[in-house]
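Biologist: I have a sequence and a model on screen. Can you walk me through the ligand site and a pocket?

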Amino acid sequence: MDPVEQMRENWRRKAKEVGKNFVAPRASEIDARGEFSWEIVEEFARHGFLRLLIPKQYGGEEGDITSFCIIVEELARYCASSALLVVVQAVGTMPVALGGSEELKERVLPHLAKKKGLICFCLTEPEFGSDAASIRTKAILEGDSYRINGRKCFITNGGVSDFYTVFTTTQPDRRIEGITGFVIEKGTPGLSVGKIEEKMGIRGSNTAEVILDDVRVPIRQRIGEEGVGWWLMMRTLNRSRPAIGAMAVGVAQGAIDYLIQYGQQRDWFVKKEVPSPSLLEIVEMMVEVEASRAIVYKSAQMMDEKAKGIPVQMFSAMAKYFASDIAMKVTTNAVQMLHWEGLTARHPLERMMRDAKVIQIFEGTNQIQRAVVAHTLLKGK
Ligand SMILES: Cc1cc2nc3c(=O)[nH]c(=O)nc-3n(C[C@H](O)[C@H](O)[C@H](O)COP(=O)(O)OP(=O)(O)OC[C@H]3O[C@@H](n4cnc5c(N)ncnc54)[C@H](O)[C@@H]3O)c2cc1C
């Protein structure tokens with residue numbers, strides 16, 4: 001096996017083990033309590049999942065996007081809330097790793113890699129989610145620092161992070177060319193955490209409002225130059241959407257695994273000479289999940305190979321929306337197959353169905369992903 005394949009297999013083995021032995025026994029309680037699990041943070045940090053995309057020179061693992069997807073998929077088979085932790089850590093880190101100054105990287109990345117610090121990605125605002133080009137959180141340069149005012153909402157890990165990657169506008173009239181990112185440290189005066197959302201799915205992740213009230217941020221905490229924020233954000237999301245697709249694949253696969261185990265215990269399959277209707281339904285699910293998996297790993301591979309002349313954003317968008325729509329379908333049908341039993345918390349299927357719904361919405365809704373594909377098709381590349 002070549003070294004890259006070997007590295008990916010090592011990550012798969014590790015994530016499978018952690019998923020099965022550590023995450024699975026806690027998944028139902030994490031969901032029922034709707035609480036963020038620091039135990040999971042500790043365990044994931046210990047195994048390197050939370051420093052996966054950080055370059056080696058800053059203490060990270062320098063993993064690739066395919067490994068990122070593999071880890072997320074394996075963990076999501078048992079618990080999507082836990083898998084999301086790995087995604088958000090990478091999403092918060094990527095703008096810094098891709099576009100931060102050396103000084104900023106030295107300040108942030110080793111802390112995340114070695115001290116188990118958490119970072120979040122703050123883009124969405126109460127008025128602007130899909131229309132990210134219109135964000136209103138404003139950063140005004142005053143001397144050697146910026147004064148930032150605004151409000152971010154639905155921020156994963158917003159209430160538990162050490163660092164906040166925050167997107168602002170430095171020139172509102174320039175729309176995407178006016179967007180600028182900053183890293184703000186927890187405890188900075190003016191930065192506070194507002195409402196923590198109570199959600200139907202992915203309940204174990206912390207989803208918070210982040211309030212920026214006259215926050216003073218030194219120029220050295222700006223990510224790259226003024227106006228490159230949109231580019232950094234898009235490069236980040238193009239890399240993270242395959243992982244969100246992988247999360248959906250994991251959730252759907254987890255539902256299928258459960259159905260097979262449940263069906264075998266109740267002789268759903270074995271007594272018939274021809275495959276039973278239940279088994280045929282599971283076969284249909286499996287084919288759709290394999291199709292999702294194929295597109296997810298194809299988009300990850302494009303990122304890893306830094307494919308030139310290929311519209312990678314289109315494949316990332318397809319991976320995210322196709323896999324999460326399939327996860328929604330598979331988990332809904334899985335609940336149906338267990339009839340009223342499927343609705344109860346005695347089985348993980350209703351949790352998986354609620355989690356799949358959230359995956360269709362975050363990291364850009366599935367409608368927006370379709371719009372990305374449409375836009376790319378019309379541009380002819
Ligand atoms: C659990 C969870 C975690 C999240 N974590 C984060 C995070 O860490 N950081 C962060 O910045 N954000 C986060 N979000 C926010 C998320 O990315 C946004 O909810 C999402 O981008 C949609 O924005 P919105 O909710 O404002 O919906 P809106 O943009 O108001 O859209 C409302 C509806 O209109 C549709 N719509 C809007 N525009 C179009 C269009 N042009 N064409 C077709 N349909 C359209 C949308 O698809 C949607 O159905 C999170 C959300 C959730 C649910």
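What follows is a short exchange on the ligand, then on the second largest pocket.

Biologist: Which domains does the ligand lie between?
Modeller: This is a predicted model. Two domains give residues to the shell around the ligand, so it lies between them. They are domain 2 (119–227) and domain 3 (230–379).

Biologist: Which element gives the largest share of the shell around the ligand?
Modeller: Elements that give two or more residues to the shell include helix 10 (349–361) and helix 11 (366–379). The largest share is 3 residues. It comes from strand 3.

Biologist: Which residue has a side-chain N or O atom 2.8 Å from a nitrogen atom of the ligand?
Modeller: Set the backbone contacts aside. A polar backbone atom of L123 is 2.9 Å from a ligand oxygen, and a backbone N or O atom of G129 lies 3.5 Å from a ligand oxygen. The side-chain contact to a ligand nitrogen, at 2.8 Å, belongs to T156.

Biologist: How much of the ligand's area does the protein bury?
Modeller: Start with the ligand taken alone. It exposes 970 Å². Of that, the protein buries 63%.

Biologist: How many charged residues are in the lining of the second largest pocket?
Modeller: This pocket holds about 440 Å³ of space. Among the lining residues closest to its centre are R239 and K306. The lining divides into 7 nonpolar, 1 polar and, as charged residues, 6.

Biologist: Which helix supplies the largest share of that lining?
Modeller: Helix 6 (229–265) and helix 7 (277–304) each supply at least two residues. The largest share is 3 residues. Its source is helix 4.

Methods:
Residues numbered from 1 in each chain as written. Predicted model: local features only at pLDDT ≥ 70, side-chain atom pairs only at ≥ 80, totals over all residues. Heavy atoms only, no water. Polar contact = N/O pair within 3.5 Å; in protein donor to acceptor, adjacent residues only side chain to side chain. Areas by Shrake-Rupley, 256 points an atom, 1.4 Å probe, with all protein chains shown as cover. Helix = DSSP H or I, 4+ residues; strand = E, 2+ residues; numbered from the N terminus. Domains from an automatic or database assignment. 1 Å grid on protein atoms, 1.4 Å probe; cavity = no way out; pocket = protein on both sides within 12 Å on 5 of 7 lines; lining within 4 Å. Points joined across faces, edges and corners; volume = space filled by probe spheres on them. Nonpolar A, V, L, I, M, F, W, Y, C, P; charged D, E, K, R; others polar.
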